[in-house]
Amino acid sequence: MSPVKKIALLLLLVVAAPLFLSGCIEFTLHLTINRNLTSDLDITLTMPRALLALEPELEEKFLREKKEELARQGFEVADHTGDSMIGFRATKKLQSVEELAGLSLARDMGLEGRDIFTVEKKALTTTYYLDADVDLSDLIGEENNRIFALFPPDMRFLLTLPVRPLDHNATSITADERTLEWTLSLEGGNHIELAARVPNPSAVILGIVLILLLLGAIIAAIYLRKSSAGARTGKKAAAK
């Protein structure tokens, strides 16, 4: 595309943006911590087809590169498109949230080489602490700053927990207090804080087993007492 046509298209896009670029680029990272202490990571990245008409290289050097990079790290990647949007969805099962720090996603969030989660494990509970300053400039890439400055993306981090959090600074939280959402900005200031304590599955199972054993012992003691009382009553009746 010639420079003149690109400038004309850019001007048209700026004027018509409210009509057909509603939402513009959307990036959502959803991390779910399960009761068995494994985690599920779900990433969605989409953008308007109209934007690709302005910057065709976005599809090749941004969408495709991100898809391939995630696929190499074991993500299941699938196209996530509609009539006006194009993009992908990537999912991955993690054995623990500590694995998040080893993914390229940590670099994209400006957290490479850092412990994103601090995990405190005890006999009965596991406590998660999240204290991070997210920087998404590496995710976008310096070469894309111009287009993203014109059309700021909708970027969010969601965290679903099996319990209510002890503390957090989320932008919003669902009614059941299980899913928290942080709105992210390319301009920085994305400080995320969270503390949550989850019962250990083994401790829960052990507790259930102990309760069942205790109930069994009580029932057995009652049964033996009644049997002994019945036997004594029978002997007295025979003696008479």
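## Close-up views of a predicted model

**View A. Lys92 reaches over an aromatic ring.** In this predicted model, the charged end of Lys92 lies over the ring of Phe75, at 5.9 Å from the ring centre.

**View B. Phe117 and Tyr128 meet edge-to-face.** Here is one of the 2 aromatic pairs that a search of the whole structure turns up. Phe117 and Tyr128 are arranged edge-to-face, with 6.4 Å from centre to centre and 85° between the planes. The pair joins distant parts of the chain, as Phe117 belongs to strand S5 (residues 117-121) and Tyr128 to strand S6 (residues 125-134), 11 residues apart. Are the two partners buried or exposed? Phe117 has a relative accessible area of 6% and Tyr128 one of 3%; both values are under 20%, so both residues count as buried.

**View C. Strands S5 and S6 run side by side in an open sheet.** Let us step back to the strands that carry the aromatic pair. S5 and S6 pair in the antiparallel sense, with 5 bridges between them. Which residue of S6 is the bridge partner of Phe117? That is Leu130. The two strands belong to an open sheet of 4 strands with antiparallel pairing, in the order S5-S6-S11-S8. S5 and strand S8 (167-168) are the edge strands; each has a single partner strand, so one side of each lacks a neighbour in the sheet.

**View D. Leu31 sits among the well-connected residues of the largest nonpolar core.** This core holds 55 residues. Leu29, Leu31, Leu41, Ile43, Phe117, Phe157 and Leu159 are the ones with the most contacts inside it, so Phe117 of View B turns up here again. What does Leu31 touch, leaving aside its neighbours within four places in sequence? Its contacts include Leu41, Phe117, Phe157 and Leu159, each of them also on the list of residues with the most contacts inside the core. Leu31 is also in contact with Ser39, Asp40, Val97, Leu100, Leu158 and Thr160.

**View E. The whole protein gives the close-ups their setting.** The secondary structure consists of 7 helices and 11 strands. Of the 240 residues in the protein, 38% are buried. Among contacts with a separation of 6 or more, 61% are between residues 24 or more positions apart. The accessible surface amounts to about 14,100 Å², and carbon and sulfur atoms account for 57% of that surface.

Definitions and conventions:
Residues numbered from 1 in each chain as written. Predicted model: local features only at pLDDT ≥ 70, side-chain atom pairs only at ≥ 80, totals over all residues. Heavy atoms only, no water. Core = buried A, V, L, I, M, F, W, Y, C linked by side-chain atoms within 4.5 Å. Buried < 20%, exposed > 50% of the residue type's maximum accessible area, 1.4 Å probe, protein only. Contact = heavy atoms within 4.5 Å. Phe/Tyr/Trp six-rings, centres within 6.5 Å; stacked < 30°, edge-to-face > 60°. Lys NZ or Arg CZ within 6 Å of the ring centre and 35° of its normal. Pairing = 2+ DSSP bridges. Areas by Shrake-Rupley, 256 points an atom, 1.4 Å probe, with all protein chains shown as cover.
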